[in-house]
Amino acid sequence: FTIYTVVLCAAIFGVLGERVLETVVGGGLAQRSVVAFGPAVLALLLLSALRFGVWQGPVAFRVPDVLLVLLAPISIASLVRSRLDHALLVATVTGAGLGAVVALLAAGGVPALGAARTVAVVVGAAALCALGVSASWLVEASPGMARAVARLGPVLIAGALTPLVAAAGRVGAAIAAWSGPWGWAIQPFTGRDGWPAATALLVILSVAVVVVARRRVDDAGAVLFVDRAEVRTGMADRKSTRLNSSHITI
(Lines give C-alpha, C1' and ligand atoms only; values in the text may rest on other atoms or scores of the structure.)
Protein backbone atom coordinates (compact mmCIF):
# COMPACT_ATOMS: atom_id res chain seq x y z
CA PHE A 1 0.00 0.00 0.00
CA THR A 2 2.87 2.37 0.81
CA ILE A 3 4.59 1.61 -2.49
CA TYR A 4 1.32 2.11 -4.38
CA THR A 5 0.72 5.46 -2.66
CA VAL A 6 4.24 6.69 -3.36
CA VAL A 7 4.10 5.68 -7.03
CA LEU A 8 0.66 7.24 -7.53
CA CYS A 9 1.59 10.51 -5.83
CA ALA A 10 4.91 10.64 -7.68
CA ALA A 11 3.11 10.26 -11.01
CA ILE A 12 0.57 12.99 -10.24
CA PHE A 13 2.99 15.46 -8.72
CA GLY A 14 5.63 14.70 -11.34
CA VAL A 15 3.31 15.77 -14.15
CA LEU A 16 2.11 18.88 -12.30
CA GLY A 17 5.58 19.90 -11.14
CA GLU A 18 7.51 19.43 -14.37
CA ARG A 19 8.15 23.12 -14.92
CA VAL A 20 8.96 23.62 -11.25
CA LEU A 21 11.61 20.91 -11.41
CA GLU A 22 13.07 22.45 -14.56
CA THR A 23 13.32 25.76 -12.73
CA VAL A 24 15.08 24.14 -9.79
CA VAL A 25 17.62 22.50 -12.07
CA GLY A 26 18.09 25.84 -13.80
CA GLY A 27 19.22 27.56 -10.59
CA GLY A 28 16.43 28.09 -8.12
CA LEU A 29 12.75 27.63 -7.37
CA ALA A 30 11.12 30.62 -9.04
CA GLN A 31 8.19 32.39 -7.43
CA ARG A 32 6.20 32.25 -10.66
CA SER A 33 6.33 28.45 -10.71
CA VAL A 34 5.21 28.24 -7.09
CA VAL A 35 2.33 30.66 -7.75
CA ALA A 36 1.19 28.60 -10.74
CA PHE A 37 1.58 25.07 -9.37
CA GLY A 38 1.93 25.38 -5.59
CA PRO A 39 -1.75 25.63 -4.53
CA ALA A 40 -2.85 22.72 -6.71
CA VAL A 41 0.01 20.49 -5.56
CA LEU A 42 -0.67 21.22 -1.89
CA ALA A 43 -4.42 20.75 -2.39
CA LEU A 44 -3.74 17.33 -3.90
CA LEU A 45 -1.50 16.47 -0.97
CA LEU A 46 -4.27 17.32 1.49
CA LEU A 47 -6.73 15.32 -0.59
CA SER A 48 -4.32 12.37 -0.52
CA ALA A 49 -4.30 12.60 3.27
CA LEU A 50 -8.11 12.49 3.31
CA ARG A 51 -8.15 9.49 0.99
CA PHE A 52 -5.57 7.76 3.16
CA GLY A 53 -7.95 8.14 6.08
CA VAL A 54 -10.65 6.27 4.14
CA TRP A 55 -8.63 3.05 3.87
CA GLN A 56 -6.02 3.22 6.62
CA GLY A 57 -5.35 6.50 8.40
CA PRO A 58 -2.60 7.66 10.76
CA VAL A 59 -3.77 5.34 13.58
CA ALA A 60 -3.60 1.64 12.78
CA PHE A 61 -3.46 -1.63 14.69
CA ARG A 62 -2.84 -5.25 13.83
CA VAL A 63 -5.70 -7.72 14.04
CA PRO A 64 -4.39 -9.41 17.24
CA ASP A 65 -4.10 -6.00 18.90
CA VAL A 66 -7.66 -5.07 17.99
CA LEU A 67 -9.03 -8.40 19.21
CA LEU A 68 -7.16 -8.03 22.49
CA VAL A 69 -8.56 -4.54 23.02
CA LEU A 70 -12.08 -5.70 22.14
CA LEU A 71 -11.93 -8.45 24.75
CA ALA A 72 -10.30 -6.32 27.43
CA PRO A 73 -12.47 -4.11 29.70
CA ILE A 74 -10.36 -1.01 29.06
CA SER A 75 -10.67 2.18 27.09
CA ILE A 76 -8.56 2.39 23.97
CA ALA A 77 -8.48 6.19 24.02
CA SER A 78 -4.99 6.30 25.52
CA LEU A 79 -3.65 3.84 22.94
CA VAL A 80 -5.18 5.75 20.06
CA ARG A 81 -4.10 9.14 21.41
CA SER A 82 -0.47 8.05 21.76
CA ARG A 83 -0.37 6.83 18.15
CA LEU A 84 -2.09 9.94 16.89
CA ASP A 85 0.32 12.17 18.81
CA HIS A 86 3.24 10.24 17.35
CA ALA A 87 1.87 10.69 13.82
CA LEU A 88 1.36 14.41 14.45
CA LEU A 89 4.89 14.78 15.76
CA VAL A 90 6.39 12.99 12.78
CA ALA A 91 4.28 15.05 10.36
CA THR A 92 5.23 18.33 12.01
CA VAL A 93 8.95 17.58 12.02
CA THR A 94 8.83 16.28 8.44
CA GLY A 95 6.90 19.35 7.32
CA ALA A 96 9.40 21.67 8.96
CA GLY A 97 12.22 19.84 7.20
CA LEU A 98 10.48 20.09 3.83
CA GLY A 99 9.84 23.78 4.45
CA ALA A 100 13.54 24.31 5.12
CA VAL A 101 14.41 22.51 1.88
CA VAL A 102 11.96 24.68 -0.06
CA ALA A 103 13.51 27.81 1.47
CA LEU A 104 16.96 26.61 0.42
CA LEU A 105 15.72 25.95 -3.12
CA ALA A 106 14.40 29.50 -3.49
CA ALA A 107 15.96 31.59 -6.22
CA GLY A 108 18.72 33.37 -4.32
CA GLY A 109 18.38 31.04 -1.35
CA VAL A 110 17.48 31.99 2.20
CA PRO A 111 19.04 35.50 1.94
CA ALA A 112 16.58 36.30 -0.85
CA LEU A 113 13.63 35.34 1.33
CA GLY A 114 14.85 36.97 4.52
CA ALA A 115 14.68 35.59 8.04
CA ALA A 116 11.00 36.33 8.67
CA ARG A 117 9.74 34.76 5.45
CA THR A 118 12.04 31.76 5.87
CA VAL A 119 10.65 31.07 9.33
CA ALA A 120 7.13 31.49 7.96
CA VAL A 121 7.82 28.98 5.16
CA VAL A 122 9.07 26.40 7.70
CA VAL A 123 6.22 27.01 10.14
CA GLY A 124 3.63 26.94 7.37
CA ALA A 125 4.90 23.63 5.99
CA ALA A 126 4.89 22.09 9.47
CA ALA A 127 1.36 23.36 10.15
CA LEU A 128 0.13 22.07 6.78
CA CYS A 129 1.47 18.56 7.46
CA ALA A 130 -0.10 18.53 10.92
CA LEU A 131 -3.36 19.65 9.34
CA GLY A 132 -3.20 16.80 6.83
CA VAL A 133 -2.66 14.15 9.52
CA SER A 134 -5.44 15.57 11.69
CA ALA A 135 -7.87 15.67 8.79
CA SER A 136 -6.91 12.11 7.86
CA TRP A 137 -7.70 10.95 11.40
CA LEU A 138 -11.06 12.75 11.40
CA VAL A 139 -11.97 10.85 8.22
CA GLU A 140 -10.73 7.60 9.72
CA ALA A 141 -12.68 8.15 12.92
CA SER A 142 -15.98 8.91 11.15
CA PRO A 143 -17.52 6.21 8.91
CA GLY A 144 -19.83 8.84 7.47
CA MET A 145 -16.97 11.12 6.47
CA ALA A 146 -15.05 8.17 5.07
CA ARG A 147 -17.99 7.18 2.86
CA ALA A 148 -18.45 10.77 1.72
CA VAL A 149 -14.78 11.18 0.78
CA ALA A 150 -14.82 7.86 -1.08
CA ARG A 151 -17.97 8.70 -3.03
CA LEU A 152 -16.95 12.28 -3.86
CA GLY A 153 -13.49 11.31 -5.09
CA PRO A 154 -13.77 12.77 -8.64
CA VAL A 155 -15.38 15.96 -7.35
CA LEU A 156 -12.66 16.45 -4.76
CA ILE A 157 -9.93 15.86 -7.33
CA ALA A 158 -11.52 18.42 -9.65
CA GLY A 159 -11.71 20.88 -6.77
CA ALA A 160 -8.06 20.29 -5.88
CA LEU A 161 -7.04 21.02 -9.47
CA THR A 162 -9.08 24.23 -9.62
CA PRO A 163 -6.21 26.41 -8.28
CA LEU A 164 -4.08 25.21 -11.19
CA VAL A 165 -6.55 26.76 -13.63
CA ALA A 166 -7.22 29.83 -11.51
CA ALA A 167 -3.53 30.69 -11.21
CA ALA A 168 -3.31 31.43 -14.95
CA GLY A 169 -4.20 35.09 -14.40
CA ARG A 170 -3.24 37.65 -11.79
CA VAL A 171 -6.72 37.81 -10.29
CA GLY A 172 -7.02 34.03 -10.35
CA ALA A 173 -3.64 33.69 -8.64
CA ALA A 174 -4.79 36.02 -5.87
CA ILE A 175 -7.98 34.00 -5.41
CA ALA A 176 -6.02 30.72 -5.32
CA ALA A 177 -3.58 32.18 -2.78
CA TRP A 178 -6.41 33.04 -0.39
CA SER A 179 -8.75 30.14 -1.18
CA GLY A 180 -7.52 27.87 1.60
CA PRO A 181 -4.52 26.40 3.44
CA TRP A 182 -3.04 25.19 0.14
CA GLY A 183 -2.72 28.85 -0.88
CA TRP A 184 -1.86 30.28 2.52
CA ALA A 185 1.19 28.02 2.80
CA ILE A 186 2.85 29.40 -0.35
CA GLN A 187 2.41 33.09 0.40
CA PRO A 188 5.55 33.51 2.57
CA PHE A 189 7.59 31.99 -0.24
CA THR A 190 6.10 34.19 -2.97
CA GLY A 191 6.14 37.30 -0.79
CA ARG A 192 2.54 38.26 -1.52
CA ASP A 193 1.22 41.18 0.51
CA GLY A 194 -0.50 39.85 3.58
CA TRP A 195 1.63 36.70 3.95
CA PRO A 196 1.90 37.16 7.76
CA ALA A 197 -1.91 37.03 7.99
CA ALA A 198 -1.98 33.96 5.71
CA THR A 199 0.59 32.18 7.86
CA ALA A 200 -1.34 33.06 11.01
CA LEU A 201 -4.56 31.71 9.48
CA LEU A 202 -2.83 28.47 8.55
CA VAL A 203 -1.40 27.98 12.04
CA ILE A 204 -4.74 28.80 13.72
CA LEU A 205 -6.63 26.40 11.44
CA SER A 206 -4.08 23.63 11.99
CA VAL A 207 -4.17 24.02 15.77
CA ALA A 208 -7.97 24.03 15.74
CA VAL A 209 -8.18 20.86 13.63
CA VAL A 210 -5.53 19.15 15.78
CA VAL A 211 -7.53 19.96 18.92
CA VAL A 212 -10.74 18.61 17.35
CA ALA A 213 -8.92 15.49 16.14
CA ARG A 214 -7.50 14.74 19.60
CA ARG A 215 -10.93 15.19 21.17
CA ARG A 216 -12.38 12.78 18.63
CA VAL A 217 -10.15 10.07 20.10
CA ASP A 218 -12.50 9.62 23.06
CA ASP A 219 -15.31 8.50 20.73
CA ALA A 220 -13.23 5.92 18.87
CA GLY A 221 -14.07 2.27 19.50
CA ALA A 222 -12.03 -0.80 18.70
CA VAL A 223 -14.57 -1.86 16.06
CA LEU A 224 -13.48 1.16 14.05
CA PHE A 225 -10.06 -0.39 13.46
CA VAL A 226 -11.10 -3.95 12.59
CA ASP A 227 -11.37 -3.49 8.81
CA ARG A 228 -8.21 -1.41 8.64
CA ALA A 229 -6.35 -3.94 10.75
CA GLU A 230 -7.42 -6.73 8.40
CA VAL A 231 -6.18 -4.74 5.41
CA ARG A 232 -2.87 -4.04 7.13
CA THR A 233 -2.42 -7.64 8.27
CA GLY A 234 -3.44 -9.02 4.88
CA MET A 235 -0.87 -6.90 3.09
CA ALA A 236 1.80 -7.83 5.60
CA ASP A 237 0.99 -11.52 5.12
CA ARG A 238 1.17 -11.20 1.33
CA LYS A 239 4.50 -9.41 1.65
CA SER A 240 5.80 -12.17 3.93
CA THR A 241 4.58 -14.82 1.48
CA ARG A 242 6.34 -13.12 -1.42
CA LEU A 243 9.56 -12.87 0.59
CA ASN A 244 9.38 -16.54 1.56
CA SER A 245 8.67 -17.53 -2.04
CA SER A 246 11.65 -15.53 -3.23
CA HIS A 247 13.84 -17.15 -0.58
CA ILE A 248 12.70 -20.64 -1.61
CA THR A 249 13.30 -19.80 -5.26
CA ILE A 250 16.81 -18.59 -4.49
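**Entry 1. Overall make-up**

I counted secondary structure over the protein chain and got 14 helices and zero strands. The model I am reading is a predicted one. Read along the sequence, the pattern is α-α-α-α-α-α-α-α-α-α-α-α-α-α. I then looked up burial: of the 250 residues in the protein chain, 40% are buried. Next came contact range. I took contacts between residues at least 6 apart in sequence, and 75% of these join residues at least 24 apart.

**Entry 2. H7 against H13**

I turned to helix packing. Two packed helices are described by the angle between their axes and the distance between the axes. My first pair was helix H7, residues 115-141, with helix H13, residues 195-216. Their axes lie 8 Å apart, at an angle of about 30 degrees. Angles under 35 degrees count as roughly parallel, so H7 is roughly parallel to H13. I noted the hand too: H7 passes H13 in a left-handed crossing. By class, I find 19 nonpolar, four polar and two charged residues in the contact of H7 with H13.

**Entry 3. H5 against H13**

I took H5 with H13 next. The axes of H5 and H13 cross at roughly 160 degrees and come within 10 Å. Over 145 degrees counts as roughly antiparallel, so I log H5 as roughly antiparallel to H13. This crossing of H5 and H13 is right-handed. From H5, the contact uses Arg-81, Leu-84, Asp-85 and Leu-88. From H13, Val-210, Ala-213 and Arg-214 take part. I sorted the residues of the H5 contact with H13 by class: four nonpolar, no polar and three charged.

**Entry 4. The largest nonpolar core**

Which residues touch the most other members of the largest nonpolar core? I find Val-59, Val-80, Leu-128, Trp-137 and Phe-225, out of 39 residues in this core. I then asked where the core residues come from. Helix H3 (31-55), helix H5 (77-105), H7 and H13 each supply at least two. H7 gives the largest share of this core, nine residues.

I looked at Val-80 in more detail. Leaving aside neighbours within four places in sequence, Val-80 is in contact with Val-59, Phe-61, Trp-137, Val-217 and Phe-225. Among these partners, Val-59, Trp-137 and Phe-225 also appear in my list of core residues that touch the most other members.

**Entry 5. Ser-134**

I picked Ser-134 next, a residue of helix H7. Is Ser-134 buried or exposed? Its relative accessibility is 0%, so I count Ser-134 as buried. I set aside its neighbours within four places in sequence and listed the rest. Ser-134 is in contact with Leu-88, Val-209, Val-210 and Ala-213. Three of these names were already in my notes: Leu-88 of H5, and Val-210 and Ala-213 of H13, belong to the contact of H5 with H13.

**Entry 6. Two distant pairs**

I closed with residues that are far apart along the chain. Leu-164 has its place in helix H9, residues 153-166. With a relative accessible area of 28%, Leu-164 is partly exposed. I checked Leu-164 against Ala-43, 121 residues apart along the chain. Their C-alpha atoms are separated by 9.9 Å.

Ala-106 was my other choice. I place Ala-106 in the loop between H5 and helix H6 (109-113). Ala-106 has a relative accessible area of 7%, so I record Ala-106 as buried. Val-34 is 72 residues from Ala-106 in sequence. In space, Ala-106 and Val-34 are 9.9 Å apart, C-alpha to C-alpha.

Notes:
Residues are numbered from 1 along each chain as its sequence is written. This is a predicted model: local features need pLDDT of at least 70, side-chain atom pairs count only at pLDDT 80 or more; totals for chains, interfaces and linings use all residues. Side-chain values use heavy atoms; hydrogens and water are left out. Axes are lines fitted to C-alpha atoms, for helices over the stretch in contact, and angles run from 0 to 180 degrees between N-to-C directions. Helices (H or I, at least four residues) and strands (E, at least two) are DSSP runs, numbered from the N terminus. Angles under 35 degrees count as roughly parallel, over 145 as roughly antiparallel, 65 to 115 as roughly perpendicular and the rest as oblique. A crossing is left-handed if the near helix is turned anticlockwise from the far one by less than a right angle, and right-handed if clockwise. Ala, Val, Leu, Ile, Met, Phe, Trp, Tyr, Cys and Pro count as nonpolar, Asp, Glu, Lys and Arg as charged, and the others, Gly among them, as polar. A nonpolar core is a set of buried Ala, Val, Leu, Ile, Met, Phe, Trp, Tyr and Cys residues joined through side-chain atoms within 4.5 Å. Buried means under 20% relative accessible area, exposed over 50%, partly exposed in between (1.4 Å probe, protein chains only). Contact means heavy atoms within 4.5 Å.
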